Every structure is written in structure tokens, then in C-alpha cells.
Amino acid sequence: MILLYGSQQDYDVLSGQPGDRPAMTPEQVAAMHAHMEKVHQALVDSGELVDAQGLSAPVHARRVQVDGGLPVVTDGPYPETQEVLAGYTIVECASFDRATEIAFGFVNPDAPGEYVDVRPVLDGVEDLAG
């Protein structure tokens, strides 16, 4: 699974709301979507794409916890959290190295510090030992 990250600010800028950074233009949003479509289409063509989904903005999230035996629900965004899971892509490919190679396609080379995580998806609890 390739995990893509963002922040509430990223979602705001993407939706045209300026903040610490200028709002993205419709052309910039279209270019970002075109890039993601190109990367995913290449994975479809190679037979490696299993699933890919974007996630809603952190403002629409809820954190569910138990404190002292009682349920606690906190609506997002969470001020103590700078980044959140923004989406994911699941690939089925020949190796972890190949999944890592695929992941580079999701990192914007013009955005210093941007990254994605690559993690194997477990088939079952027995995989935890390995």
C-alpha cells in the first residue's frame, strides 16, 4: 500500500482557499489530477493496480477513542496533527522494491519534503511474525 499524505491546509489550497500558500488555480488542480490519472493508468496497464482512493479533508474526519471506559469522539481537523492520510494506492507487484519504485511516481519533485510511505498489506495475523 502506498500511503499519500496531506494537511488541512493542502485541502484548503486545493479547493481555492488561500492560506500560508496561495490558492491553486484551476489549471494547477487539473494538472495534479492529470498526473495522478497518468500514474494510475500506467498501473492499470501493467496489471499492478488493485485499488486507489482519495480521502476527504481532515475537517470531515472523526477520531474515536476510549478514555476511562467511555467513548470520546473528536471532530477534525486536529490542531496537534500537521499531516493526515490523504489517500492510498494498493498495488500488487513483483517485489517490495517494485512497489517502492512505483511510489516515486506519486512524489512531487517540486515539493521539497513531500513523501509517501510504502507498506506491505498483511494477508493474515501470521504475517505479523515476519
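Buried residues make up 23% of the 130 residues in the protein, as computed from a predicted model. The C-alpha trace spans about 45 × 40 × 20 Å along its principal axes. Of the contacts in the protein with a separation of 6 or more, 62% are made by residues 24 or more positions apart. The secondary structure comprises 3 helices and 6 strands, and these elements follow one another from the N terminus in the order β-α-α-β-β-β-β-α-β.

Four of the strands are arranged in one open sheet. Within this sheet, 4 strands stand in the order β2-β5-β1-β6, with antiparallel pairing. The edges are formed by β2, residues 49–54, and β6, residues 116–118, each of which pairs on one side only. On average, and with direction ignored, neighbouring strands of the sheet are turned by 20° against each other. Strands of a sheet pair through backbone hydrogen bonds, in either a parallel or an antiparallel manner. In the case of strand β1, which covers residues 2–6, the pairing with β6 is antiparallel and extends over 3 bridges; here L3 is placed opposite D117 of β6.

Two helices pack on this sheet. Helix α2, formed by residues 26–46, touches β1, β2 and β5, the last of these being residues 84–91, and the direction of the helix makes about 160° with that of β2. Helix α3, formed by residues 96–103, also packs on the sheet, where it touches β1, β5 and β6, and its direction makes about 165° with that of β6.

The two remaining strands, β3 and β4, form a hairpin with 2 residues between them, and in the turn G68 has a positive phi of about 65°. Strand β3 consists of residues 62–67 and strand β4 of residues 70–75; the two run antiparallel and are joined by 6 bridges. Among the facing residues, Q65 has V72 of β4 as its bridge partner, while V64 stands opposite V73 in the β4 strand. Both strands are hardly covered, since the count of buried residues is 0 among the 6 residues of β3 and likewise 0 among the 6 residues of β4.

Residue T74, which is found in strand β4, illustrates the surroundings of the hairpin. With a relative accessibility of 33%, T74 counts as partly exposed, because this value lies between the 20% limit for buried residues and the 50% limit for exposed ones. When residues up to four places away in sequence are not counted, T74 touches A61, R62 and R63. The C-alpha atom of T74 is separated by 34 Å from that of A99, a residue 25 residues apart from T74 along the chain.

A further residue considered here is Q8, which lies in helix α1, residues 8–14. At 17% relative accessibility, Q8 counts as buried, because this value is under 20%. Leaving aside residues up to four places away in sequence, Q8 touches A57, P58, V59 and P77. With V59 there is also a polar contact, in which the side chain of Q8 reaches the backbone nitrogen of V59 at 2.8 Å.

The space left open between the atoms was examined as well. Rolling a probe the size of a water molecule over the atoms shows where empty space is left. In this model, the largest pocket holds about 1300 Å³ of space. The lining of this pocket is made up of 40 residues, and those that lie nearest its centre are Y5, G6, D10, M32 and E114. At least two residues of the lining are supplied by each of β1, α1, α2, β2 and β5, and the largest share, 8 residues, comes from α2. Helix α2 therefore appears in two settings, as a contributor to the pocket lining and as a helix packed on the sheet through contacts within 4.5 Å.

Definitions and conventions:
Residues numbered from 1 in each chain as written. Predicted model: local features only at pLDDT ≥ 70, side-chain atom pairs only at ≥ 80, totals over all residues. Heavy atoms only, no water. Pairing = 2+ DSSP bridges. Axes fitted to C-alpha atoms, helices over the stretch in contact; angles between N-to-C directions. Buried < 20%, exposed > 50% of the residue type's maximum accessible area, 1.4 Å probe, protein only. Polar contact = N/O pair within 3.5 Å; in protein donor to acceptor, adjacent residues only side chain to side chain. 1 Å grid on protein atoms, 1.4 Å probe; cavity = no way out; pocket = protein on both sides within 12 Å on 5 of 7 lines; lining within 4 Å. Points joined across faces, edges and corners; volume = space filled by probe spheres on them.
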